[in-house]
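Hi everyone, thanks for making room for me today. I'd like to walk you through one structure, so let me put it on the screen.

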Amino acid sequence: IQNITNMELNGHELEMKYVALINDLNRAKNSPRITDALWVGSAQKKLRNRLKRLENDYDNGLIADQAYIIWKRMINEAL
């Protein structure tokens, strides 16, 4: 498996900003801060929208099965 921060299969790449959001949301779950309330909802919305696009791209055959499974799991775990 390629480095998670640079996964690209079949010409599809999940952008680094979504990897950063996943990491930040996971940190907020494990070690919450008062300021997290200011951005967590917005970050979750962005990830939900990205997940919808990811599923649509997968349905259209643009993403390999393994990449889809990995990214979907990462996003769902963050949400």
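Of the 79 residues in this chain, 33% are buried. Please keep in mind that what you see is a predicted model. As for the surface, the chain exposes about 5,200 Å², and carbon and sulfur atoms supply 49% of that area.

Now the layout. The chain has two strands and three helices, and reading from the N terminus the order is β-β-α-α-α. If you take the contacts with a sequence separation of 6 or more, 57% of them join residues 24 or more positions apart.

Before we zoom in, a word on confidence. The mean pLDDT for the chain is 83, and 82% of the residues reach at least 70. Where are the lowest and the highest mean values among the elements? Strand S1, residues 8–9, has the lowest mean at 50, while H2 has the highest at 93. Over residues 1–6, pLDDT stays under 50; the model does give that stretch eleven contacts beyond four places in sequence. Where pLDDT is low, the predicted coordinates should not be read in detail. I'll leave that end of the chain alone and move on to the helices.

Let's turn to the inside. Which residues have the most contacts within the largest nonpolar core? They are Ile22, Leu25, Leu47, Leu54, Trp71 and Ile75, in a core of 19 residues. Helix H1 (16–30), helix H2 (40–59) and helix H3 (65–78) each put at least two residues into this core. The largest share comes from H3, with seven residues.

Ile22 is a nice place to park the camera. Setting aside residues up to four places away in sequence, Ile22 touches Leu47, Met74, Ile75 and Ala78. Ile22 is also one of the buried residues of H1, along with Tyr18, Val19, Leu21, Leu25 and Ala28. The cover over these buried H1 residues includes H2 and H3.

While we're on H1, here is a quick geometry check. Helix H1 has 15 residues, and the distance from its first C-alpha to its last is 21 Å. That is close to the 21 Å expected at 1.5 Å a residue.

Next, charges. Side chains of opposite charge can pair when their charged atoms come close. How many salt bridges does the structure hold? There are two.

One of them joins the side chains of Asp36 and Arg27, at 2.8 Å from N to O. Asp36 sits in the loop between H1 and H2. Is Asp36 buried or exposed? Asp36 counts as buried because its relative accessibility is 5%, under the 20% cut-off. Its partner Arg27, at 24% relative accessibility, counts as partly exposed. Leaving out neighbours within four places in sequence, Asp36 is in contact with Arg27, Ala28 and Ser31. Ala28, you may recall, was among the buried residues of H1.

The other bridge brings together the side chains of Glu55 and Lys72, at 3.5 Å from N to O. This pair links distant parts of the chain, with Glu55 in helix H2 and Lys72 in helix H3, 17 residues apart. Glu55 has 25% relative accessibility, so it counts as partly exposed. Lys72 is at 26%, and that residue counts as partly exposed too.

One more acidic residue before I stop. Asp24 lies in helix H1, and at 38% relative accessibility it counts as partly exposed. How far apart are Asp24 and Asp36? They are twelve residues apart in sequence and 9.3 Å apart in space, C-alpha to C-alpha.

To wrap up, here are the points I'd keep in view. The largest nonpolar core has 19 residues, and helices H1, H2 and H3 each contribute at least two of them. Two salt bridges are present, one between Asp36 and Arg27 and one between Glu55 and Lys72. And residues 1–6 have pLDDT under 50. Thanks for listening, and I'm happy to rotate the view for anyone who'd like another look.

Notes:
Residues are numbered from 1 along each chain as its sequence is written. This is a predicted model: local features need pLDDT of at least 70, side-chain atom pairs count only at pLDDT 80 or more; totals for chains, interfaces and linings use all residues. Side-chain values use heavy atoms; hydrogens and water are left out. Helices (H or I, at least four residues) and strands (E, at least two) are DSSP runs, numbered from the N terminus. Buried means under 20% relative accessible area, exposed over 50%, partly exposed in between (1.4 Å probe, protein chains only). Contact means heavy atoms within 4.5 Å. Accessible areas come from the Shrake-Rupley method with a 1.4 Å probe; for residues, only the protein chains shown count as cover. A nonpolar core is a set of buried Ala, Val, Leu, Ile, Met, Phe, Trp, Tyr and Cys residues joined through side-chain atoms within 4.5 Å. A salt bridge is a side-chain nitrogen of Lys or Arg within 4 Å of a carboxyl oxygen of Asp or Glu. The expected span of a helix is 1.5 Å times one less than its number of residues. pLDDT is the predictor's confidence in each residue, from 0 to 100.
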